[in-house]
Amino acid sequence: MFNQSFVSPVIRRVAVVGSGLAGLTAALQLKTRGHDVTVFEKSRGPGGRLAAKRVPGGSADIGAQYFTSRTPGFLPFLRKFAGEQSFAPWHGRFGFQTPDGEWQPFPEEARYVGAPRMTAITRGLSAHAHVVAETRVEKLVRKDRLWSVFDTDGKHLGEFDQVIITAPPAQARDLLVASGLRDLAAFLDDPVKRVLPCWAVAAHFPVSPWPHHEGMRCQHPALFWVANNSSKPGRDDRGQWWVIHASPAWTEQHIESPAKEVAQDLLEAFREVTGFAAGPDEVVTHRWLYAKSEGGEQPGHLWFPGHNIGLAGDWLSGGRVEGAFDSACSLVAELMAVPSATR
């Protein structure tokens, strides 16, 4: 874990592509060390997979559903930069279905969520960073020892000593190829570095459709995760919003299906699991093209000292929310260990 008291004697300009947890963690750790960091985000606001959609009466977490804290410095980092009130424990009942259909409880472990929505965490973190939103980085051009960064309109966004890319591997590869860095892009050609897609549905029920668990893994071939979003701290309590995540395999089979058909199919699967016949009165659907790490070798981060380019993200460190933090920490630690004359 990084030492917050250390300040680099050499101030470097660093561009960070992506304002999810990995990007903001790297930016804040570098800023704490005295570096000049700019974060570029293609969307209107920060978040990555810590995402929520506005729904009647509040919001529903359609991306990452909760996070754990197994790394000692993770919660202190969130408290310091996102704020004490930006997250809270989720005291839900969690279960999984065995192959024979029996329900078993999840192992006991503290689970946390953003409050009052998952995006509260990254919004809190981003308040301490220089984030340029609605800006998609398309190309990097090397001039001497500096990287010039350009957006999709060809606008020059500045010159930087180092670049950290925290986009999903497919998008990171596209950026590297567009920048003429095919040797670096080749590191992302390995199929195990894929991030799998996920269809997500948020559905509102006037009464509880399932009283036994607040979060569950099902044996149904279409479903990966189902949760009572309204059971999380700080959420609206008028009826219940449930979030349904399709399995990666089912999503890939239906990746181009219309959202309305996807919602109908997943709600039917939900009815088959719960036995609850009544349909929801509100439905919101979202397609994640990059949602879950496929696994395989996960080195924590990638750093290319000859290019002064690094990659970080949860897909490089276990796939969990906390993995994004761990990945950014390990990348910054290696970056800081490089002698300043070669950075």
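A cavity, as meant here, is a set of grid points where a 1.4 Å probe fits but cannot get out, and its lining residues have an atom within 4 Å of a point. With that in hand, let us walk through this structure, which is a predicted model.

## The enclosed space

The structure holds one cavity of 30 Å³ or more. About 40 Å³ of space lies in this largest cavity. Its lining takes in the run Val55, Pro56, Gly57, Gly58 and Ser59, together with Asn229, Ser230, Arg235, Asp236 and Trp241. Sorted by class, three of the lining residues are nonpolar, five are polar and two are charged.

## An open pocket

Next comes a space that is open. The second largest pocket encloses about 650 Å³. Its lining counts 29 residues, and Arg49, Arg217, Phe224, Gly319 and Arg320 are the ones nearest the centre. By class, this lining splits into 14 nonpolar, seven polar and eight charged residues.

Which elements supply at least two residues each of that lining? They are strands E14, E16, E17 and E18 and helix H8 (321-337). Among the contributors, E18 gives the most, with four residues.

The two spaces can be set side by side:

| Space | Volume | Nonpolar residues | Polar residues | Charged residues |
|---|---|---|---|---|
| Largest cavity | about 40 Å³ | three | five | two |
| Second largest pocket | about 650 Å³ | 14 | seven | eight |

## The seven-stranded sheet

Several of the strands just named belong to an open sheet of seven strands, ordered E7-E6-E15-E16-E17-E14-E18, in which the pairing is mixed. Strand E7 (103-105) and strand E18 (282-293) form its edges; each has a single partner strand, so one side of each is left without a neighbour in the sheet. From one strand to the next, the twist averages 20°.

As a reminder, strands of a sheet pair through backbone hydrogen bonds, either parallel or antiparallel. Both kinds can be found here. Strand E6 (residues 94-97) runs parallel to E15, and three bridges join the two. Within that pair, Phe96 has Arg217 of E15 as its bridge partner. Arg217 also turns up among the residues nearest the centre of the second largest pocket.

On the other side, E6 is joined to E7 by three bridges, and this pair is antiparallel. Here Gln97 is matched with Trp103 in E7. E6 and E7 make a hairpin with five residues between them, and in the turn Gly101 has a positive phi of about 95°.

Further along the sheet, strand E14 (residues 195-205) and strand E17 (residues 240-246) run antiparallel and are joined by six bridges. In this pairing, Ala200 stands opposite His245 of E17.

Lying across the sheet strands is helix H7 (residues 259-274), which covers E7, E14, strand E15 (215-217), strand E16 (223-228), E17 and E18. H7 runs at about 70° to E14.

## Phe87 and its surroundings

Phe87 lies in strand E5 (residues 87-89). Is this residue buried or exposed? Its relative accessible area is 8%, and buried means under 20%, so Phe87 counts as buried. Leaving aside residues up to four places away in sequence, Phe87 touches Phe67, Leu75, Leu78, Arg79, Tyr112, Val113, Gly114, Ala115 and Ile121. Pro56, one of the residues lining the largest cavity, is 31 residues from Phe87 in sequence and 22 Å from Phe87 in space, C-alpha to C-alpha.

## Backbone details worth a look

One of the residues that Phe87 touches, Ala115, is joined to Pro116 by a cis peptide bond with omega of about 5°. Pro116 sits in the loop between strand E8 (112-114) and helix H3 (119-126).

Two residues that are not glycines have a positive phi: Glu134, at about 50°, and Asn308, at about 60°. Glu134 belongs to the loop between strand E9 (131-132) and strand E10 (137-143). Asn308 is placed in the loop between strand E19 (302-304) and strand E20 (309-311).

Which of the two words, buried or exposed, fits each of them? Glu134 has 58% relative accessibility and counts as exposed, whereas Asn308 has 2% and counts as buried.

Note on methods:
Residues are numbered from 1 along each chain as its sequence is written. This is a predicted model: local features need pLDDT of at least 70, side-chain atom pairs count only at pLDDT 80 or more; totals for chains, interfaces and linings use all residues. Side-chain values use heavy atoms; hydrogens and water are left out. Buried means under 20% relative accessible area, exposed over 50%, partly exposed in between (1.4 Å probe, protein chains only). Two strands pair if DSSP finds at least two bridges between them. Axes are lines fitted to C-alpha atoms, for helices over the stretch in contact, and angles run from 0 to 180 degrees between N-to-C directions. Contact means heavy atoms within 4.5 Å. On a 1 Å grid over the protein atoms alone, a cavity is a set of points where a 1.4 Å probe fits but cannot get out, and a pocket is an open set with protein on both sides within 12 Å along at least five of seven lines; lining residues have an atom within 4 Å of a point. Grid points are joined across faces, edges and corners, and a volume is the space filled by probe spheres set on the points. Ala, Val, Leu, Ile, Met, Phe, Trp, Tyr, Cys and Pro count as nonpolar, Asp, Glu, Lys and Arg as charged, and the others, Gly among them, as polar.
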